[in-house]
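Student: I've got a structure open and I keep tripping over the vocabulary. Could we go through some of the labels and see where they come from?

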Amino acid sequence: MNFRNESLGAITSFQVLNNTIEGEAGNRKFRLTPYNHNIVRVQVSKYETFDEYPFSVVMQPENIATKISDSSEEILLTTEACEMKVSKSPFRISFYNRQGELLNEDDPTFGISWLGEEVTNYKSLAQDEIFLGMGEKSGGLNRRGSSYDNWNSDAFGFNNDTDPLYVSTPFFIGVREGRPYGIFLDNTYKSHFNFGTSNNDRFSYFSASGGDLNYYFIQGDTVNDVIQQYSKLTGTIQMPPKWSLGFQQCRYSYYPDHEVYNIADTFREKKIPADVIYLDIHYMKDYMAFTFDNERFPNPKALIEKLISQGFKVVVILDPGIATKKGYGTYDRGLEKDVFVKYPDGTAYEASVWPGNSHFTDFTDKKGRDWWADELKFYTDLGLEGFWNDMNEPACWGQDIPDMVEFDYDGQQVTHKKARNVYGFQMVRATYEGARKQIGNKRPFTLTRSGFSGVQRYSAVWTGDNVAGDDHMLLGVRLVNSLGMAGVPVAGYDVGGFVEESSPQLFSRWLAVATFAPFFRVHSMVNVRDSEPWAYGEEVEEISRNYINLRYKLMPYLYSLFYRAYQNGTPINKSLAVDYTNDPEIYHGNAQHEFTLGDWLLVCPTTSQQEYAKIYLPEGNWYRFFTDEKVIGAQHLVIETSMEDLPVYAKEGAIIPLQNVVQNTQEVHDGEMKLHIYHGDVETSQQYFEDDGETFDFEQEAFYRRQMTFNGNEKRIVLSEKEGNFQSSFKRLKVYLHGFESTEFQINGQKADLSTEDIRLIEPVTEFDPLPQRDKKNYLISDINFIETDFIDSEIEIIWS
Ligand code: GLC
């Protein structure tokens, strides 16, 4: 049989049921469903029934008013936000915004096509079209000219061109003539995306090796609108426990127990703040999940309790492979409950991984997830609340699981071909749900290597086994920025590099950059040099402490950004493509790695060996964060850079709530909110959010929330009245006034005393003999004006003249 491309022909029949247009074109079935004014789902199938993908989308179609009209040539579906035209002969779709401007259209010749089982949608490619997102994908910020596969893989030591990696999110954002839209291909088979590669820009396309064409088209006025709509579809994060925003130390592996005690003590002795220490696979007996090695860890409960008393949480690694050893309780119970993935002949699939011969839990089956949830009690009884889910692509030695292996997939009974990409996602779901079941009202922390669209509802993602090198550091930043555009706002990379060894310069630069990442963890491989903040000599130790201190100062701001991500999916680290989409300069050079933490703090990662670096500041006025030097944006700058001095800028209008340094997130701060405001002729706002940081009580209004607004033209700062029933931990408010010329301030109608102070947002390295060849910088912001008042719950209005 010789397959030729078969593209979808003319519509032969259709009907409209509520808002859904359903019919046939050629001998294929199609269904078009608006989910809200901005989202339309497109399904086309060559099978008898539409294929179901039950894991990613949590949104139900809303009952909205649409207009559907029909002429001899086309069907027109109009919502408040967009318009979809379906030409009848042949079936081709095009999408427009409410101004009638084209956003996206099928390629007129090929449209939707099949090659055997593989379905492809060809789209016309506009000359200036930009492609963003795709989540954890290597390559540059603009995906134009690149192509990608989605097939979750154990990509040990990956580099700038490796594809695929561990996580698949078949979702991209296109920008056509400056107008963004999104397309999410909800199909869990291996999929392929081509953004004009090897076809001389004839078209872009996406395909799936099996199943239906099942995609969601998203209209958004801005890139962030598209991300928020996608987050409505696939869900947002859970509020994480606050301790997971702190600094985390990992290695493969800390053992035996006294090594762990030692690491914990050293952090506290050296006054380097930290919240988490990890146990990698050596904690287990012969790498068997749900065990502790009795010799290395004779008393895990005492260890965990001791660390808790020092303000640490312990996170343990969990792998999905279960050793096939009779008498190993987990295995025996798994067999009894029949939870393992099988061959079509009913025998359990077996492959080798860390614990030797293993079976693999079928996490796509509720039965498997429930069993896993019960097994987790082993850990939660010991006081553990954090679980690191690894090897869940799933990985096994040889990395070639036979495609015939079967998975439940919510009762569908499918093969590896359809299930692989959601395996890790469902594993970490099982872990998250299991932990919730076991630890009641407390928020668990879960971390995963593998995932699929929607994984953000259950877990943070780390980018796997990277390599110690400047390129890898920058790649990690792009991966995190890109995951943010794919609805996964909580992500990070192994600081210092997992494979190979960092130089002192690289380690300190990497750690400085990661200070601003949502997930902040140092990790390194077995048999490499020590990689704690103190392991690279005194200078690096001091630089590390300074940046980790800054991380803890940023906590009120950072936590508020996590809350916003929970509310609507806005990324915590925003690639410049999110807010400065139509500035062509951001798609080249260093600007591709740059990001903002929240809306205000621009971080420009520069490499460790550079003495000078070229960076780009987007439009607007900026203040160098550590010195207050004012710089005009929309320009490239060449700046001096040193090991301790990461280029970070605050934008005019920035509203950044900070606190004093604490040694871990559970330590109580000094009660003074240090609110930094950066003057400009702009109007801005920042949400402030606080709660207990550890329970779900915030869902019952036990939170403290207020809007902080700045208006440079009206000369006014307002902290709105608080919402929610939680008592803030802050008692005093100190407002630092960056770049304000005026000296006459009033707070709630009373003249405010203006005082001055010298401050440092980052400390210079001073504690030991500096390297002779370089001047040490002083980051003193001298004579900064501030005003202060009680942090009252009612409105606080600050005006100036
Ligand atoms: C995998 C993980 C890595 C971990 C190692 C041992 O390679 O990606 O982070 O340290 O396994 O568990």
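**Why we call it that**

Tutor: Sure, let's begin with a helix. α10 is mostly covered, with 15 of its 16 residues buried. Keep in mind that this is a predicted model.

Student: How do you know what span is expected for α10?

Tutor: Helix α10 covers residues 538–553, which is 16 residues. The expected span is 1.5 Å times one less than the number of residues, and for α10 that comes to 22 Å. From first C-alpha to last, α10 reaches 22 Å, so the value is close to the expected one.

Student: And Y189, is that residue called buried or exposed?

Tutor: Buried means under 20% relative accessible area, and Y189 has 16%, so Y189 counts as buried. Y189 sits in the loop between β17 (179–185) and β18 (191–194).

Student: What is Y189 in contact with, leaving aside its neighbours within four places in sequence?

Tutor: Contact means heavy atoms within 4.5 Å. Among the residues that Y189 touches in that way are D51, Y53, N150, S209 and K417. As for G440, its C-alpha lies 35 Å from that of Y189, and the two are 251 residues apart in sequence.

Student: Now the sheets. What makes β36 and β41 edge strands?

Tutor: Look at the order first: β36-β37-β38-β43-β40-β41, six strands in an open sheet with antiparallel pairing. β36 (573–575) and β41 (630–632) each have a single partner strand, so one side of each has no neighbour in the sheet. On average, neighbouring strands here are turned by 35° against each other, direction ignored.

Student: How do you know that β36 and β37 really pair?

Tutor: Two strands pair if there are at least two bridges between them, and β36 and β37 (residues 595–597) have three, so they pair. The sense is antiparallel, and N573 stands opposite L597 in β37. Helix α8 (residues 470–485) packs on this sheet, touching β36 and β37, and its direction makes about 95° with that of β36.

Student: Why is the pairing in the five-strand sheet called mixed?

Tutor: That open sheet has the order β44-β45-β49-β53-β52. Its edge strands are β44 (655–658) and β52 (755–759), each pairing on one side only. Now compare two of its pairs. β44 and β45 (residues 672–678) run antiparallel, joined by four bridges, while β45 and β49 (residues 732–738) run parallel, joined by seven bridges. Both senses turn up, and the pairing is mixed.

Student: Which residues face each other there?

Tutor: I656 stands opposite H676 in β45, and L658 has K674 as its bridge partner. On the β49 side, K674 stands opposite K734.

Student: What makes β45 covered on both faces?

Tutor: In a regular strand the side chains alternate between the two faces of the sheet. On one side of β45 you find E672, K674, H676 and Y678, on the other M673, L675 and I677, and all are buried. That fits the count for β45: seven of its seven residues are buried.

Student: Last one: how many cavities of 30 Å³ or more are there?

Tutor: A cavity is a space where a 1.4 Å probe fits but cannot get out. The count comes to four of 30 Å³ or more. The largest has a volume of about 160 Å³. Of the 19 residues that line it, the closest to its centre are Q238, P240, T446, S459 and A460.

Key:
Residues numbered from 1 in each chain as written. Predicted model: local features only at pLDDT ≥ 70, side-chain atom pairs only at ≥ 80, totals over all residues. Heavy atoms only, no water. Axes fitted to C-alpha atoms, helices over the stretch in contact; angles between N-to-C directions. Buried < 20%, exposed > 50% of the residue type's maximum accessible area, 1.4 Å probe, protein only. 1 Å grid on protein atoms, 1.4 Å probe; cavity = no way out; pocket = protein on both sides within 12 Å on 5 of 7 lines; lining within 4 Å. Points joined across faces, edges and corners; volume = space filled by probe spheres on them.
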